[in-house]
Number of protein chains: 4
Amino acid sequence: MLVMMKSNATREEIAAVCRKIESMGFKPHPIPGSTRTAIGITGNRAPVEPFALEALPGVGECVPVSKPYKLVGRELKEDTTVIDLGDGITIGGGRLAVIAGPCAVESRQQAREAAAPIAAAGARLFRGGAFKPRTSPYSFQGLALEGLKILAEVREEFGLKIVTEAVDVESVDLVERYADIIQVGARNMQNFSLLKRVGRARIPVLLKRGNAATLDELLMAAEYILSEGNYRVILCERGIRTFADHTRNTLDLSVVPAVQHASHLPIIVDPSHGTGRREKVIPMSRAAVAVGADGLIIEVHPHPEQAMSDGNQSLDPVEFGQLMSEIGQIAPVLGRSMA
Amino acid sequence: MLVMMKSNATREEIAAVCRKIESMGFKPHPIPGSTRTAIGITGNRAPVEPFALEALPGVGECVPVSKPYKLVGRELKEDTTVIDLGDGITIGGGRLAVIAGPCAVESRQQAREAAAPIAAAGARLFRGGAFKPRTSPYSFQGLALEGLKILAEVREEFGLKIVTEAVDVESVDLVERYADIIQVGARNMQNFSLLKRVGRARIPVLLKRGNAATLDELLMAAEYILSEGNYRVILCERGIRTFADHTRNTLDLSVVPAVQHASHLPIIVDPSHGTGRREKVIPMSRAAVAVGADGLIIEVHPHPEQAMSDGNQSLDPVEFGQLMSEIGQIAPVLGRSMA
Amino acid sequence: MLVMMKSNATREEIAAVCRKIESMGFKPHPIPGSTRTAIGITGNRAPVEPFALEALPGVGECVPVSKPYKLVGRELKEDTTVIDLGDGITIGGGRLAVIAGPCAVESRQQAREAAAPIAAAGARLFRGGAFKPRTSPYSFQGLALEGLKILAEVREEFGLKIVTEAVDVESVDLVERYADIIQVGARNMQNFSLLKRVGRARIPVLLKRGNAATLDELLMAAEYILSEGNYRVILCERGIRTFADHTRNTLDLSVVPAVQHASHLPIIVDPSHGTGRREKVIPMSRAAVAVGADGLIIEVHPHPEQAMSDGNQSLDPVEFGQLMSEIGQIAPVLGRSMA
Amino acid sequence: MLVMMKSNATREEIAAVCRKIESMGFKPHPIPGSTRTAIGITGNRAPVEPFALEALPGVGECVPVSKPYKLVGRELKEDTTVIDLGDGITIGGGRLAVIAGPCAVESRQQAREAAAPIAAAGARLFRGGAFKPRTSPYSFQGLALEGLKILAEVREEFGLKIVTEAVDVESVDLVERYADIIQVGARNMQNFSLLKRVGRARIPVLLKRGNAATLDELLMAAEYILSEGNYRVILCERGIRTFADHTRNTLDLSVVPAVQHASHLPIIVDPSHGTGRREKVIPMSRAAVAVGADGLIIEVHPHPEQAMSDGNQSLDPVEFGQLMSEIGQIAPVLGRSMA
């Protein structure tokens with residue numbers, strides 16, 4: 001913590017702040033600057049709460065100097081985390097992970113029709129929602145347990161690993177039993193009860209960035225999961241909310257190198273939700289691979305125009321094949337191979 | 001739904017779109033415009049999904065024309081909802097409701113020290129968190145059941161109604177037993193499992209706007225609660241996330257008349273979270289009352305500089321008294337009295 | 001400037017940074033912290049450029065500690081600036097200044113029809129655009145010199161002071177001759193050539209905040225004007241761009257106390273552009289006065305439904321009279337009188 | 001224009017709106033919908049101003065249906081514009097254009113030291129500011145005419161085309177004489193006097209997107225230039241302002257395919273200003289090429305740590321060589337070659 005005094009702070013005011021810091025059990029370090037004095041604080045083990053100091057006469061503002069996360073930080077663990085799902089399927093590291101499938105599992109037939117071309121195109125992970133968080137209470141909310149059973153069948157038939165969302169503590173119990181990765185959606189990024197529960201799950205967690213979350217908040221949400229003991233967390237950029245109106249969200253690809261600088265956790269990109277527009281999914285997928293993402297999560301539907309949700313951002317199987325071909329040409333530039 | 005054709009769309013393309021609309025069981029209404037043709041759609045009962053049409057040649061974009069909410073809308077119920085909490089305490093209507101108290105219940109003594117001057121200043125509702133959603137897993141998370149019991153004691157001793165947050169389905173069971181109003185926090189505005197649960201609660205719900213939620217999303221979140229049968233919902237503006245850095249959030253007071261135009265539900269304002277800065281709470285409280293809010297929710301702590309959370313945005317009892325005095329002078333301009 | 005070392009920075013890296021600072025002619029002050037070391041820099045007269053230091057091994061980031069503005073700051077001049085326009089009309093201080101008039105001067109008759117009820121309602125300043133910056137090159141761009149002459153006639157006939165916009169260096173020459181206050185619009189807030197020119201004008205300047213400008217950027221834009229010698233600057237909040245879609249902009253009233261804390265310059269509020277919706281202008285005007293603004297600038301048109309621009313955010317004379325009456329009741333709560 | 005009636009609008013109200021539309025000289029087309037009636041308007045040549053209608057009883061809102069731009073639209077001109085600068089150097093089309101150079105021209109030596117490795121790495125266009133718009137009046141503002149002369153020498157010596165910014169009408173006169181492309185900066189995107197002047201320039205214009213500009217506003221700013229007769233405009237994405245704090249701006253790469261869909265003008269990307277962080281320039285450059293941008297504009301300084309401005313976002317010559325190599329491997333995936 002650093003206390004910035006006002007430029008017209010008096011000697012007495014500076015001395016009073018130092019005495020206050022000492023009375024809190026810490027050590028003050030005054031540093032006179034060109035226009036004002038700063039006072040450093042040492043001897044604290046946890047972050048110092050600023051308001052006791054901000055209220056004193058002559059104090060301008062308090063500036064925190066330590067990062068709030070620990071377990072997710074690269075300072076603690078330098079090597080990038082590689083999550084091994086078995087059968088040679090990994091997320092993080094040298095192989096690009098592609099997760100594809102429909103927004104929602106609608107029926108056994110729809111799921112199988114989606115899975116076949118996805119597997120054929122070389123993807124190894126399948127997504128599909130059984131529990132759907134929807135803005136309107138009147139929209140389709142997913143097949144729940146029946147959807148999970150269909151996903152488990154897809155795994156058997158096509159050899160794909162399953163990624164599906166849990167929306168509350170109850171659904172985690174079910175997802176944990178049927179899937180390979182639990183997804184926590186953007187709207188639940190700060191649903192701390194859910195984060196704690198998936199932190200005790202026995203399978204990895206795909207944590208999506210909230211649409212107004214800063215990098216620090218995303219990492220702190222992951223910290224909740226790691227702090228409960230589950231170190232296998234994959235982060236996911238899926239667009240942030242801005243004034244721009246040509247896409248549903250603004251996909252913030254610069255967060256990929258920022259996460260990789262700050263954390264050892266892998267990060268993937270969701271250009272389907274990140275743009276909300278089918279015709280922008282392939283260009284933004286190429287960009288995501290080029291920026292260095294560890295993978296992609298893509299909505300693919302056998303018949304997008306009939307989809308019960310998110311049809312306008314879903315690729316059809318032919319487009320998905322084109323996507324796989326294009327990113328397969330870019331991945332080697334970054335020293336990456338397709339799974 | 002309105003289909004906007006491109007300006008260079010051909011007669012054949014327009015006819016093809018009309019045939020497609022008919023094949024979906026609806027009726028097309030082509031309207032030639034100055035630069036392009038629009039095609040209206042009637043005969044639908046639910047919103048028409050746009051993507052089947054957007055994919056056709058010559059189609060520019062599809063524009064929805066119906067509002068997605070029903071029960072919360074003023075079109076359905078013209079009269080403003082007044083929520084009666086008993087003992088002559090109401091929210092909505094002619095009396096301004098002031099909810100005040102500490103961010104978190106820290107101890108019996110702290111709660112009583114906060115409640116005494118709050119009641120003396122004329123407020124009738126007390127807030128205090130027993131379950132605290134915190135960005136960091138290492139921060140104070142609230143006293144849970146013990147906190148609720150302290151709140152119930154405050155109600156008995158000071159005659160104040162109790163508002164406190166539930167963070168998951170489990171905590172609703174407890175809050176419902178001890179409090180008068182269940183608060184759903186901004187981070188949980190789209191935690192649909194929680195919304196459904198409080199929609200079956202027997203007490204009113206205070207629903208805070210998410211920090212990146214549009215007006216429609218806020219109303220749809222309320223619609224979740226009403227659609228489960230609980231019509232006693234109070235909305236709350238508490239600041240949105242913008243690029244501006246002189247406050248923690250940007251308090252969007254214009255949402256107050258916008259809500260009052262669209263919905264019959266009461267709306268209050270939280271200038272404590274909405275600014276994050278103690279010295280801006282009183283000015284923004286005056287503004288909130290002046291714009292026409294149905295009430296305020298204010299963080300008050302007996303000793304802000306010792307608060308375990310949000311100390312830098314909490315008023316002390318003297319400041320709170322000043323706030324009550326100033327808003328008491330503004331309320332009559334809007335034909336409102338203090339409770 | 002403060003250099004924050006990484007938590008795993010070595011003793012040697014810290015020493016190297018200190019040597020580098022010395023080689024730049026400054027004095028380093030290392031402060032060991034709970035998780036990492038900070039190094040303060042003194043002896044500099046201007047801000048230290050950070051990148052020479054950020055590139056060194058072990059350095060996390062550099063944090064500036066001095067405010068960039070000087071002349072606009074309250075630290076330099078404690079007393080609030082009051083701008084005297086003659087005839088007992090002032091901006092800043094105890095009297096609320098209300099500037100009203102049409103978006104654009106359209107004709108002599110329209111200007112007179114607007115001015116008569118404005119003067120009758122008690123406002124003392126008249127606004128009207130002669131040079132109109134429009135998003136489209138095909139929209140009405142103003143009457144230019146003819147518009148200025150009409151404004152000068154309005155001043156004579158109704159005793160109102162004139163506020164009108166200049167859009168480039170050329171138009172400043174004309175505006176300076178005919179008006180009492182030169183307005184610099186939001187889109188030109190960082191048009192530095194224009195700022196320098198109005199900094200040499202002989203009349204005061206009304207500087208509108210850009211729709212994505214931070215508080216510091218607004219103050220720095222004002223600093224450009226003061227640094228050229230014109231100390232009579234009025235700041236104006238007119239809404240910022242956010243994701244919210246229920247208003248054209250989000251009016252950020254919290255910037256009013258923030259400006260008043262940081263600067264001695266007066267600040268007024270424009271609820272017409274700040275909301276873009278006629279029915280929200282009166283509520284937000286009440287709120288602006290209640291938060292403590294030094295005045296308002298309001299679009300009033302004799303026949304809003306016939307206005308050539310901004311008709312949907314203009315009040316008619318009856319509504320303006322209501323506005324004056326309502327704010328006249330709120331102003332005394334803040335110790336202010338109507339002009 | 002489409003008038004959306006409220007769901008409870010009466011038959012009489014609908015009829016009154018239709019009569020009003022007829023009285024304006026247009027033709028109304030009522031379309032009954034599932035929950036409310038829409039009324040289309042035809043017969044207008046320019047956009048219909050909505051407020052005369054919005055004020056009528058029963059009217060919910062008015063929705064514009066025509067795009068406001070004409071000359072920049074792909075509907076008018078299907079083929080992508082290719083700007084030929086001579087000597088086989090083009091922007092738009094099959095060759096990727098790379099513009100590189102220092103933020104500001106600081107001296108003849110600095111410019112030559114930057115240009116030599118830039119030319120050697122294969123770039124054909126050189127950037128460097130002679131007129132610098134700076135947030136602070138106390139910061140370095142550029143060498144002006146002397147800087148332009150240095151740039152002209154660089155052109156002769158290294159065969160590079162010159163891109164440099166004009167900040168007002170006066171500086172356009174000079175830039176036009178010495179440079180090959182006039183840059184209009186982000187802060188001046190809606191400086192309409194400047195846009196009109198460069199619309200009459202004899203050389204092409206590089207127009208940067210404002211940091212809070214929508215796609216439509218960017219295209220309308222370009223429309224100003226084309227409407228004056230200069231059809232050679234290059235658009236540039238350089239980051240928008242959001243709440244995200246891990247970069248200086250949020251680079252919105254999705255605007256690239258959006259521009260390419262709506263307009264025939266070429267679009268390039270500026271990852272230096274778009275991130276503000278040196279270590280993110282190469283990853284985001286790869287992403288920009290992969291998304292399909294027609295080129296890049298990159299800050300390169302011979303000694304970034306000594307730069308007088310933007311040193312923390314400038315690459316050194318070695319990093320620039322790496323960038324050229326990496327994008328050279330991605331360009332062919334999109335069917336593009338390096339110039």
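Which residue of chain A comes closest to the rotation axis? Keep that in mind while selecting chains A and D; this is a predicted model.

**Stop 1: chains A and D**

Show chains A and D together and hide the rest. A rotation of 180 degrees, with 0.1 Å of shift along its axis, superposes chain A on chain D, and the RMSD is 0.1 Å. The residue to select is Ala287(A), whose C-alpha comes closest to the rotation axis among the residues of chain A, at 2.0 Å. The same surface serves both copies, since 100% of the contact residues of chain A recur in chain D.

Now colour the contact residues. There are 32 residues of chain A in contact with 32 residues of chain D. On the side of chain A that touches chain D, at least two residues each come from helix 8 (255-262), helix 10 (278-291) and helix 11 (317-330) of chain A. Helix 10 of chain A gives the most to this side, with eight residues. Recolour by class: the side of chain A that touches chain D divides into 17 nonpolar, nine polar and six charged residues.

**Stop 2: chains B and C**

Switch to chains B and C. A turn of 180 degrees and a shift of 0.1 Å along the axis lay chain B on chain C with an RMSD of 0.1 Å. That is the relation of a two-fold axis. Select Ala287(B): in chain B, its C-alpha is the one nearest the axis, 2.0 Å from it.

Through which surface do the copies meet? Of the interface residues of chain B, 100% are also interface residues in chain C, so the copies meet through the same surface. In this pair, 32 residues of chain B are in contact with 32 residues of chain C. Helix 8 (255-262), helix 10 (278-291) and helix 11 (317-330) of chain B are each the source of at least two residues on the side of chain B that touches chain C. With eight residues, helix 10 of chain B gives the most to that side. Its classes are 17 nonpolar, nine polar and six charged residues.

**Stop 3: Met220(B)**

Stay on chain B, bring chain A back, and select Met220(B). Met220(B) lies in helix 7 (residues 215-227) of chain B. Is Met220(B) buried or exposed? Met220(B) has 25 other C-beta atoms within 10 Å, and a residue counts as buried at 20 or more, so Met220(B) is buried.

Next, display its contacts. Leaving aside residues up to four places away in sequence, Met220(B) touches Thr135(A) and Ser136(A) of chain A, and Pro68(B) and Tyr69(B) of chain B. For a distance check, pick Asp180(B), 40 residues from Met220(B) along the chain: the two C-alpha atoms are separated by 23 Å.

**Stop 4: two strands of chain B**

Select strand 1 (residues 2-5) of chain B together with strand 3 of chain B. The two strands run antiparallel and are joined by three bridges. To find the register, look at Leu2(B), which stands opposite Gly40(B) in strand 3 of chain B. Strand 3 (residues 37-42) of chain B is mostly covered, with five of its six residues buried.

**Stop 5: Asp87(B)**

Move to the loop between strand 5 (83-84) and strand 6 (90-91) of chain B, where Asp87(B) lies. Most residues other than glycine have a negative phi. Asp87(B) is not a glycine, yet its phi is positive, about 55 degrees. Asp87(B) is exposed, with 11 other C-beta atoms within 10 Å.

**Stop 6: Ala144(D) and a helix pair**

Go to chain D and select the loop between strand 8 (125-127) and helix 4 of chain D, where Ala144(D) is found. Phi of Ala144(D) is also positive, near 55 degrees, in a residue other than glycine. Ala144(D) counts as partly exposed, with 14 C-beta neighbours inside 10 Å.

Then select helix 3 (residues 108-120) and helix 4 (residues 145-158) of chain D. The two helices pack at an angle of about 35 degrees, with their axes 10 Å apart. Their crossing is right-handed. To show the contact, select Arg108(D), Ala111(D), Arg112(D), Ala115(D), Ala116(D) and Ala119(D) on helix 3 of chain D, and Ile150(D), Leu151(D), Val154(D) and Phe158(D) on helix 4 of chain D. By class, this contact has eight nonpolar, no polar and two charged residues.

Definitions and conventions:
Residues numbered from 1 in each chain as written. Chains lettered and ligands numbered in written order. Predicted model: local features only at pLDDT ≥ 70, side-chain atom pairs only at ≥ 80, totals over all residues. Contact = placed C-beta atoms within 7 Å. Helix = DSSP H or I, 4+ residues; strand = E, 2+ residues; numbered from the N terminus. Nonpolar A, V, L, I, M, F, W, Y, C, P; charged D, E, K, R; others polar. Buried ≥ 20, exposed ≤ 12 C-beta atoms within 10 Å, placed from the backbone. Pairing = 2+ DSSP bridges. Axes fitted to C-alpha atoms, helices over the stretch in contact; angles between N-to-C directions. Left-handed = near helix turned anticlockwise from the far one by under 90°. Least-squares fit on C-alpha atoms with pLDDT ≥ 70 in both.
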